[in-house]
Amino acid sequence: MSKFKIYAKSILIPVIIGGIVGFIISGSMDYNSLQKPFLAPPSLLFPIMWTILYILMGVSYGILKEKSLITFDINLIYFIQLFVNVLWPIAFFVLKWRLFAFIWIIILAILVAIMIFKFYKANKVSGLLQIPYLLWVLFASYLNLSIYLLNK
């Protein structure tokens, strides 16, 4: 497979999945009507950040794919964290399970940290590209817990 196809497929998978989730939750978005904590960004920032993070996720995975560094463990952690990532906004926005969503996003943060470790062991750049994702998930965890506490 050509480099272009590897990276296109690697980037499109998380971006398309994220877009589908965005469509699913669009009718349930209540972020603007919630009490929010200090440092809460405007809602416009979220789709921009997630698009950037999904692109970085795809590039990172593409590097491993291009260099034939994908192992069963790497595939497993990558797709599990992507699955957990997809379910968080559904729990938070559609189902309004804010406390459950907080626990779920902590699980996501742990999975992302494990993914970073595994990616970094295989290729340093691939692992480092995931650090913004972990930082954003940790920030989203703060927002999730704060919104739960302020709106219960």
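**Salt bridges, helix H2 and the largest pocket**

Let me begin with a small group of charged side chains: Asp30, Lys96 and Arg98 are linked in a network of salt bridges. I should say at once that what we are looking at is a predicted model. Side chains of opposite charge can pair when their charged atoms come close, and a search of the whole structure finds four salt bridges.

Taking the network one pair at a time, aspartate 30 and arginine 98 form a salt bridge with N and O 2.5 Å apart. Because aspartate 30 sits in the loop between H1 and H2 while arginine 98 belongs to helix H4, this pair ties together parts that are 68 residues apart in sequence. Are these two residues buried or exposed? Both aspartate 30 and arginine 98 are buried, and for aspartate 30 the relative accessible area is 14%. The other partner of aspartate 30 is lysine 96, with the closest N and O atoms 3.6 Å apart. Here the link runs from the loop between H3 and H4, where lysine 96 lies, to the loop between H1 and H2, and the two residues are 66 apart. Lysine 96 has a relative accessibility of 36%, so it counts as partly exposed.

Elsewhere, lysine 118 and aspartate 73 meet in a salt bridge at 3.9 Å, N to O. That pair joins helix H4, which holds lysine 118, to helix H3, which holds aspartate 73, across 45 residues. Lysine 118 is partly exposed at 27% relative accessibility, and aspartate 73 is partly exposed at 41%.

Let me turn now to helix H2, residues 45-66. With 22 residues at 1.5 Å a residue, H2 should span 32 Å, and its end C-alpha atoms are 31 Å apart, which agrees. Its buried residues include Phe46, Trp50, Leu53, Tyr54 and Met57, and among the elements that cover the buried residues of H2 are helices H1, H3, H4 and H6. After H2 comes serine 68, whose phi is positive, near 55 degrees.

Finally, the largest pocket, which has a volume of about 580 Å³. Which residues lie nearest its centre? Of the 26 residues that line the pocket, those are Gly22, Ile25, Phe46, Pro47 and Trp50. H1, H2, H3, H4 and H6 each supply at least two residues of the lining, with H1 giving the most, six residues. By class, the lining of this pocket has 18 nonpolar residues, eight polar ones and no charged residues.

Notes:
Residues are numbered from 1 along each chain as its sequence is written. This is a predicted model: local features need pLDDT of at least 70, side-chain atom pairs count only at pLDDT 80 or more; totals for chains, interfaces and linings use all residues. Side-chain values use heavy atoms; hydrogens and water are left out. Helices (H or I, at least four residues) and strands (E, at least two) are DSSP runs, numbered from the N terminus. The expected span of a helix is 1.5 Å times one less than its number of residues. Buried means under 20% relative accessible area, exposed over 50%, partly exposed in between (1.4 Å probe, protein chains only). Contact means heavy atoms within 4.5 Å. On a 1 Å grid over the protein atoms alone, a cavity is a set of points where a 1.4 Å probe fits but cannot get out, and a pocket is an open set with protein on both sides within 12 Å along at least five of seven lines; lining residues have an atom within 4 Å of a point. Grid points are joined across faces, edges and corners, and a volume is the space filled by probe spheres set on the points. Ala, Val, Leu, Ile, Met, Phe, Trp, Tyr, Cys and Pro count as nonpolar, Asp, Glu, Lys and Arg as charged, and the others, Gly among them, as polar.
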